[in-house]
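Let us read the contacts in a model, between chains and within one chain. The structure comes up here.

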Amino acid sequence: MKTGNSFSEDNMERILKCSECGFCQAVCPVFSATLRPAYNTRGKIMLLKEVLDGNIEWSEKIGETFYACTGCQACINGCPSNVRANELVQAARKILFRDGFAPRHLLGVRDSVCYRGNVFGSEGKERVEIYPPALREKARKGLLKERAETLLFMGCLPSYMDMKIVPAFLKVMDAAKVMYTTLSTEETCCGFPLYLMGSEEFNSHAEKLVERFQKTGCRELVTPCAGCYKTFKTLYPDLEDMGIRVLHSVQYMDELIREGRIRFTGEVPKRITYHDPCDLGRACKILEEPRNILRSIPGVDYVEMAKNRLEARCCGGGGGMQAYNPDLAIKMAAERVRDAFAVDAEILVSTCPACKDNLRKGMKKIPKAERRKLKIMDMGEVASSAL
Amino acid sequence: MKKDISQALIDIVGEENYTDEVIDLVSYSSDASEHRHRPEGAVWPMDTDQVSKVLKLANAHGFPVTPRGAGTGYAGSAVPEKGGIVMDLCRMNKIIEIRIDDRLVKVQPGVVYADLAKALSPHGFFFPPDPASGKAATLGGNVATNAGGLKGAKYGTTRDYVLGLEVVLPDGDILRTGSDCMKCVSGYDLTRLFVGSEGTLGVVTEITLKINPKPEKAAACRAAFDTIEDAGKAISEIMRSGIVPSALEILDDRCIAALNRDAGLGLPDVAAMVFAEADGHTASEIAYQLDRVIRVFKRNRATAIERAESAADLEKLWTARKSIGGILFRISYNMFAEDVTVPISRVPEMLKGIREISKRHDILIATLGHLGDGNLHPNIIFDGRDPEQSARAEKAVDDLFRLAIEKNGTLTGEHGIGLAKAPFMKLEHDVVAMGVMSKIKKLFDPNNILNPGKMALEV
């Protein structure tokens with residue numbers, strides 16, 4: 001095998017360790033939605049072997065299979081040989097991006113993140129439009145606290161696309177009297193999309209954002225986005241070393257409840273199920289906190305979907321899939337919504353704005369005759385409605 | 001792929017169900033075996049009619065068709081050795097009907113074993129032959145390889161459950177075999193001819209399977225033995241005792257060492273561990289069986305006997321056995337996963353012989369096995385990057401097959417012949433048997449388009 005293709009020794013070892021048993025086919029959401037083994041993890045690794053052996057050249061065409069991955073890590077969870085396939089997919093994407101074989105339509109997202117600071121190409125000043133009126137006014141006038149113990153990081157989707165996540169998140173923080181600040185109009189994308197497409201620009205992007213974090217003097221960074229959380233926690237330079245604790249809002253809320261700083265006085269008399277976002281569940285093993293929160297809300301009839309926690313079915317929206325192949329992402333989401341139908345849930349709760357967005361699209365894709373009444377909500381929305 | 005052929009295939013299955021893209025050709029170039037050969041194209045038929053039309057086309061133009069399920073086989077049966085097209089049946093994945101009153105199900109070949117298990121579970125029924133790859137493997141593949149699994153001793157293999165088949169023959173004709181009846185002796189047993197034929201005679205497009213009521217309870221125990229001989233004696237005694245365990249498994253010292261090192265299971269450092277499971281409908285019925293098994297263990301100098309009755313304990317006890325496949329693969333980079341089978345009474349001498357082969361060729365062989373049916377899994381572990389080591393591994397395989405035949409055994413208990421064991425067919429089958437098999441192949445597939453190169457059928 002040639003090794004001149006910037007594949008590290010660790011990754012070469014991972015490729016060799018794959019026994020091609022095909023067990024990943026049982027859990028790969030992309031295979032399940034396409035029934036095309038080339039898109040399954042084994043197909044990707046077989047292709048890598050051929051490329052690294054010099055039998056096939058890197059190309060845009062073969063790049064197709066490496067970008068057809070939601071990064072859900074279900075294959076790792078089910079792999080008898082313990083192959084960390086996500087590292088291999090990432091290494092392949094880096095080469096594809098470097099050599100100009102990344103899907104062209106992803107380059108637009110790259111430009112948006114690099115030049116506009118968000119995935120939508122919107123203006124930075126629009127970020128605060130979603131803040132509650134008083135905070136919005138302060139933010140517009142640049143009057144938000146420059147320094148604070150707690151920095152809230154909203155994420156692109158909640159800032160620009162979702163009408164409910166940010167207000168609900170802030171309502172909970174205010175109820176607990178958390179002294180926080182935000183990066184306001186200076187918040188930018190965490191850079192995860194750059195990382196996922198294989199762009200080295202991720203590193204410099206991260207450095208800039210870390211500087212902004214440090215300027216606020218914050219000791220804790222809290223975000224309601226699973227993707228941002230995973231990025232800060234696992235892909236950034238060690239923020240904990242810089243004295244900044246990184247928390248997903250569900251971890252933070254769980255702590256607030258246990259400390260008695262928030263109390264649910266209202267009822268949510270609904271049958272609720274929880275969807276583990278891959279970036280939070282399998283990737284970061286945050287499994288119980290969201291369940292604790294839901295169980296502590298009066299009236300909630302909590303029900304588990306058949307595939308949950310480490311075995312949770314991916315909604316299809318991760319790994320850049322929503323940008324790369326939205327139709328496929330939505331097809332996968334519909335399957336996850338069906339899982340919620342199967343347990344007669346009335347509310348499907350997620351802790352990832354991308355999951356929420358994709359699951360809602362998946363719901364719409366299900367034929368009317370089959371569709372049931374199901375609300376898809378962020379954890380913050382449910383929690384804030386019970387305050 | 002010639003342009004006119006690919007166009008003709010697209011006309012049959014539609015553009016979305018045909019491919020000649022390199023990503024697909026690579027993914028179809030192998031299965032779980034070490035064999036590899038790329039096809040020139042692949043189709044995903046959606047129904048029997050499409051299968052029939054594709055085979056007719058292939059028969060007319062003489063290009064090979066290799067049927068494929070999930071590609072989890074260890075023998076290279078799904079590797080398109082002679083090129084042509086792969087026919088991936090994963091999109092024909094409907095459970096057609098579940099008829100509890102008739103104790104049968106009808107499924108398309110692409111249904112995954114685990115999905116059928118899930119669908120049967122609410123009815124309290126199951127399809128017993130559960131290959132270790134059952135999460136991913138398809139029932140079409142199970143039929144094509146006559147798959148077995150852990151429960152063979154009590155429940156038999158796939159063949160014992162196939163009541164009937166719909167098969168498309170190479171000329172496109174659609175053959176229906178068997179019946180929906182539990183008993184049927186009407187004409188030749190064509191069903192059994194196709195079960196285990198590895199896609200060399202026809203393409204199975206519908207399967208009628210007998211199902212069993214699922215025993216509500218199970219309990220298991222395991223024991224350690226200081227010598228392989230003691231373990232072997234215990235097993236023979238269990239098989240004589242009148243008890244039929246639902247599983248009876250062995251792990252040798254190499255497996256135990258690998259499990260302790262890679263999974264930190266803390267198993268005793270002994271020559272062999274034996275696992276036994278009993279299932280049934282009442283706790284007392286199971287306790288009676290396990291008591292007898294444990295008495296036999298003790299009589300044969302077993303130590304560290306552990307018993308598991310709750311579902312959680314059962315799961316824990318079986319963890320060692322179930323995680324072994326992947327863990328063995330972590331030892332080195334390549335593995336020949338063999339499945340030689342011998343008459344039950346000859347298991348101890350076979351285990352001893354395997355040890356000698358390992359020594360003779362200085363190659364690591366870790367053996368586990370389903371002892372209730374004499375089915376052993378000697379796994380020959382090596383680093384394929386080292387040609388000298390690879391050659392020794394090949395020699396060990398050669399000796400292993402010779403030993404199994406010497407012991408009145410067979411080359412394969414459940415993986416099939418495929419490419420891996422084709423060169424050894426004549427070891428087990430004499431000129432007469434090989435001649436009959438070749439004639440059968442010629443009768444069904446005179447142009448040799450279906451899965452050519454397998455099972456040493458070409459003379």
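**Reading contacts**

Q: How many residues of chain B are in contact with chain A, and how many of chain A take part?
A: Start by counting each side separately. In this predicted model, 25 residues of chain B are in contact with 24 residues of chain A. A pair counts when the C-beta atoms lie within 7 Å.

Q: Which elements give two or more residues to the side of chain B that touches chain A?
A: Next, assign residues to elements. Here they are helix 2 (22-27) and helix 12 (324-329) of chain B. Helix 2 of chain B gives the most to this side, with 5 residues.

Q: How do the residues of that side of chain B divide into nonpolar, polar and charged?
A: Sort them by class. The side of chain B that touches chain A has 12 nonpolar, 8 polar and 5 charged residues.

Q: Now inside one chain. Which domains does the assignment give for chain A?
A: Take the bounds before any contacts. Chain A has domain 1 (9-102), domain 2 (117-258) and domain 3 (271-385). The centres of domain 1 and domain 3 of chain A, taken over C-alpha atoms, are 26 Å apart.

Q: How many residues does each of these two domains of chain A bring to the contact?
A: Domain 1 of chain A brings 13 residues and domain 3 of chain A brings 17 residues.

Q: Which element gives the most to the side of domain 1 of chain A that touches domain 3 of chain A?
A: Two elements give two or more residues there: helix 2 (29-34) and helix 5 (74-77) of chain A. Helix 2 of chain A gives the most, with 4 residues. By class, this side of domain 1 of chain A has 7 nonpolar, 6 polar and no charged residues.

Terms used: Residues are numbered from 1 along each chain as its sequence is written. Chains are lettered from A and ligands numbered from 1 in the order in which they are written. This is a predicted model: local features need pLDDT of at least 70, side-chain atom pairs count only at pLDDT 80 or more; totals for chains, interfaces and linings use all residues. Domain bounds come from an automatic or database domain assignment. Ala, Val, Leu, Ile, Met, Phe, Trp, Tyr, Cys and Pro count as nonpolar, Asp, Glu, Lys and Arg as charged, and the others, Gly among them, as polar.
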